[in-house]
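Please open the model in your viewer and keep the selection tool at hand. The tour below moves from the whole chain to single side chains, and each stop says what to select next.

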Amino acid sequence: MSSVLRPPTSGQDPMTAGHYRPISSHLAIAPPVSVVIPAMNEAENLPYVFKTLPDWIHEVVLVDGNSTDDTVEVARDLWPGVRVVAQDGKGKGDALITGFEACTGDIIVMVDADGSADGNEIVSYVSALVSGADFAKGSRFANGGGTDDMTFIRKLGNWALCTVVNRKFGARYTDLCYGYNAFWRHCLDKIDLDCTGFEVETLMNIRVVKAGLKVQEIPSHEYLRIHGTSNLRAVRDGFRVLKVILGERSNRRELRRQAHHSPMLDSVRGEVS
């Protein structure tokens with residue numbers, strides 16, 4: 001499947017030639033893209049989130065964590081076609097898993113509801129996927145990325161945890177605990193998510209490497225939460241992330257054996273761009 005936008009051949013109506021959707025001046029895609037937004041009491045932040053979402057995406061799936069404000073009503077006003085899914089359980093991981101199950105697109109993008117992520121970056125994630133990656137992983141510390149939100153202690157903790165994952169699983173990540181990611185839907189069959197909290201992002205990053213999927217890091221800028229306070233607790237959630245890392249058994253030796261007989265070494269280790 002070509003991802004390059006080409007003009008219709010002579011005699012074809014440009015409105016009916018193929019089913020590609022332009023996403024930039026030089027790129028068009030056929031796969032439908034679903035954006036999953038877990039939200040609980042984020043009514044004030046949603047206008048900032050939705051205004052940056054590109055109009056070519058297939059669907060927005062908002063997972064409502066039993067909000068007591070106008071989160072659902074605001075989402076429907078901002079994006080009339082939004083799919084609202086009620087979360088039965090608790091935690092960000094549970095919300096994302098609920099949203100993933102509701103998606104109908106071939107590509108799934110995870111976006112936080114606090115206004116810290118720029119939806120305009122989605123084009124970079126999707127471009128990486130249609131160019132051959134299985135999993136496009138956002139990084140605040142890759143060249144071109146950045147963060148306005150992390151304290152020195154959180155940066156240090158993220159670096160330490162990232163180093164452990166890289167050494168234990170043979171990855172080459174520059175960022176670990178970041179929730180702006182995109183992937184092909186088929187990846188869900190290989191990573192089998194089973195955690196409920198903020199550590200879900202770390203679990204995904206570990207299991208895509210263990211599954212031998214091709215990973216490409218995408219430089220991303222994290223902005224400050226606009227309204228409200230985060231439910232993230234650095235020490236508590238840091239220990240939960242560490243527990244996930246230590247609980248995942250490394251299959252690095254087997255992956256190395258496979259890579260020795262395969263030209264896709266970067267696919268196993270995780271390709272960083």
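Helices (H or I, at least four residues) and strands (E, at least two) are DSSP runs, numbered from the N terminus. Counted in this way, the secondary structure of the protein comes to 10 helices and 11 strands. This is a predicted model, in which local features need pLDDT of at least 70 and side-chain atom pairs count only at pLDDT 80 or more, while totals for chains, interfaces and linings use all residues. Residues are numbered from 1 along each chain as its sequence is written, and side-chain values use heavy atoms, with hydrogens and water left out.

**The whole chain**

Begin with everything selected: of the 273 residues, 50% count as buried, where buried means under 20% relative accessible area, exposed over 50%, and partly exposed in between (1.4 Å probe, protein chains only). Taking a contact as heavy atoms within 4.5 Å, 74% of the contacts between residues at least 6 apart in sequence join residues at least 24 apart.

**Two loops**

Select N41, which lies in the loop between β3 (33–39) and α1 (46–50); N41 has a positive phi of about 60° although it is not a glycine, and at 35% relative accessibility N41 counts as partly exposed. Go on to N66 in the loop between β4 (59–64) and α2 (71–78), where phi is again positive, near 60°, in a residue other than glycine.

**Two helices**

Now select helix α4 (residues 122–130), whose buried residues are I122, Y125, V126, A128, L129 and V130. What covers these buried residues includes β2 (28–29), β3, β6 (107–110), β7 (135–139), β9 (181–184) and β10 (215–219). Just after α4, G132 takes a positive phi of about 135°.

How many residues of helix α7 (residues 200–210) are buried? The count is 11 of its 11 residues, among them the charged-group partner R207 of a later stop. Just after α7, G212 takes a positive phi of about 75°.

**Salt bridges**

A salt bridge is a side-chain nitrogen of Lys or Arg within 4 Å of a carboxyl oxygen of Asp or Glu, and the structure holds 12 of them. Select R207 and E248, which form a salt bridge with the closest N and O atoms 2.8 Å apart. R207 lies in helix α7 and E248 in the loop between α8 (234–247) and α9 (252–260), so the pair ties together parts that are 41 residues apart in sequence. Both partners are buried, R207 with a relative accessible area of 14% and E248 with 9%. Add D194 and K210 to the selection, and salt bridges that share partners join D194, R207, K210 and E248 into one network.

Next, select K92 and D112, whose side chains meet in a salt bridge (2.8 Å, N to O). The pair links distant parts of the chain, with K92 in helix α3 (residues 92–102) and D112 in the loop between β6 and α4, 20 residues apart. K92 counts as buried, at 14% relative accessibility.

**The last stop**

Keep D112 selected and add S116, A117, Y178, G179 and Y180, which together with D112 line the largest cavity; a cavity is a set of points, on a 1 Å grid over the protein atoms alone, where a 1.4 Å probe fits but cannot get out, and lining residues have an atom within 4 Å of a point.

Technical notes. 1 Å grid on protein atoms, 1.4 Å probe; cavity = no way out; pocket = protein on both sides within 12 Å on 5 of 7 lines; lining within 4 Å.
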